[in-house]
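Trainee: Could you pick one part of this model and take me through it slowly, spelling out the terms as you go?

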Amino acid sequence: MLELHDGSLHVNTILADWYAKISDKNYGAFIPFVGIVRDEDDIEGLSFDIYEPILKSWFDAWQERAKAQNAYLLMAHSRGDVPNHTSSYIAAVVSPKRKVALSMINDFVEDFKANAPIWKYDLIDGKRVYAKERSHLLQGHGLLKADA
Amino acid sequence: MAKVEFLGPIGRASIEVDIQNLSELKNYFKEDKELQEWLGICAVAINDTLVCEADVPVSSHDKISLLPPVCGG
């Protein structure tokens with residue numbers, strides 16, 4: 001399940017909703033990860049753009065991987081501005097066995113950071129500044145750059 | 001005409017181009033110095049699938065997306 005929200009995530013509501021959805025499905029483990037925007041480098045918060053078509057296909061491919069291990073993935077992410085000390089990202093894995101979920105949450109979040117088509121900006125003096133130095137090149141980058 | 005969209009921080013409006021493959025698009029952009037800075041770090045998708053070869057054919061109904069480096073979460 002993939003959810004996109006405008007602004008900060010309402011963590012308590014989202015986690016309670018997810019728990020209500022999965023608690024009677026006979027999963028033994030529910031492993032959530034909650035990302036919280038940190039106050040650092042004088043930022044007021046973060047802001048995000050999302051390209052939904054590729055995000056959905058990336059997520060669907062992961063859901064198939066999870067299904068092969070009898071697990072299920074849930075993810076929520078923010079669009080737009082997210083102030084410091086609020087959440088922009090929640091991911092969770094549910095599975096019959098805790099070891100599958102614990103391993104998968106790490107692999108899923110790492111791949112999310114590397115490949116999900118989301119662009120992050122620092123909010124500084126009310127302006128969005130692309131977090132280029134913290135961003136990850138996608139496979140095939142540079143394909144259209146003119147030859148030197 | 002194929003549609004080209006510039007995603008995330010590139011901040012440009014979409015354009016339409018008459019091209020047969022991505023090599024022609026590469027040639028189309030070669031004099032655009034500001035865009036060249038982006039093209040060196042952008043991945044390319046056709047109809048929302050990432051591609052790694054410039055000789056991929058492009059039809060008039062295709063959507064080409066340029067994706068700068070990403071950082072979710």
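Mentor: Sure, let's start with chain A: of its 148 residues, 32% count as buried. Buried here means that 20 or more other C-beta atoms lie within 10 Å of a residue's own; with 12 or fewer the residue is exposed, in between it is partly exposed, and the C-beta atoms are placed from the backbone. Keep in mind that this is a predicted model, where local features need pLDDT of at least 70 and side-chain atom pairs count only at pLDDT 80 or more, while totals for chains, interfaces and linings use all residues. As for labels, residues are numbered from 1 along each chain as its sequence is written, with chains lettered from A and ligands numbered from 1 in the order in which they are written.

Now the overall layout. Chain A has three helices and seven strands, and from the N terminus on they run β-α-β-β-α-β-β-α-β-β. Both kinds of element are DSSP runs numbered from the N terminus: helices are H or I with at least four residues, strands are E with at least two. The C-alpha trace of chain A spans about 55 × 40 × 25 Å along its principal axes. If you take the contacts in chain A with a separation of 6 or more, 74% of them join residues 24 or more positions apart. A contact, by the way, is a pair of residues whose C-beta atoms, placed from the backbone, lie within 7 Å.

The part I'd zoom in on is strand E5 of chain A, residues 87–95. E5(A) is mostly covered, with nine of its nine residues buried. What does E5(A) pair with over eight bridges? That is strand E2 of chain A, residues 29–36, and the pairing is antiparallel. Strands count as paired if DSSP finds at least two bridges between them. In this pairing A:Phe30 sits opposite A:Val94 of E5(A). E5(A) also pairs in the antiparallel sense with strand E4 of chain A, residues 72–83, over six bridges. Here A:His77 has A:Tyr89 in E5(A) as its bridge partner. E4(A) and E5(A) make a hairpin with three residues between them, and A:His85 in that turn has a positive phi of about 70°.

Just before E4(A) there's another spot to look at. A:Asn70 lies in the loop between helix H2 (52–68) and E4 of chain A. A:Asn70 isn't a glycine, yet its phi is positive, near 60°. A:Asn70 counts as exposed because it has 12 C-beta neighbours inside 10 Å.

Back to E5(A), and what it's part of. The largest nonpolar core has 54 residues, and those with the most contacts inside it are A:Ala91, A:Val93, A:Phe108, B:Cys42, B:Val44 and B:Leu67. Such a core is a set of buried Ala, Val, Leu, Ile, Met, Phe, Trp, Tyr and Cys residues joined through C-beta atoms within 7 Å. E5(A) gives the most to this core, with six residues.

That core takes us over to chain B, so follow B:Val44. Leaving out residues up to four places away in sequence, B:Val44 touches A:Gly140, A:Leu143 and A:Leu144, plus B:Leu22, B:Val51, B:Ile64 and B:Leu66. The contact between the chains takes 28 residues from chain B and 32 residues from chain A. On the chain B side, helix H1 (22–28), helix H2 (33–39), strand E3 (43–46) and E4 each supply at least two residues. The residues of that side divide into 20 nonpolar, five polar and three charged. For that split, Ala, Val, Leu, Ile, Met, Phe, Trp, Tyr, Cys and Pro count as nonpolar, Asp, Glu, Lys and Arg as charged, and the others, Gly among them, as polar.

Chain B also has an open sheet of five strands in the order E2-E1-E5-E3-E4, with mixed pairing. Its edge strands are E2 (15–17) and E4 (49–51), each pairing on one side only. One pairing inside it is parallel: strand E1 (residues 2–6) with strand E5 (residues 63–67) of chain B, over four bridges. B:Glu5 stands opposite B:Ser65 there. In the loop between E3 and E4 of chain B you'll find B:Asp48. B:Asp48 has a positive phi of about 70° without being a glycine, and it is partly exposed because 15 other C-beta atoms lie within 10 Å.

Key
Contact = placed C-beta atoms within 7 Å.
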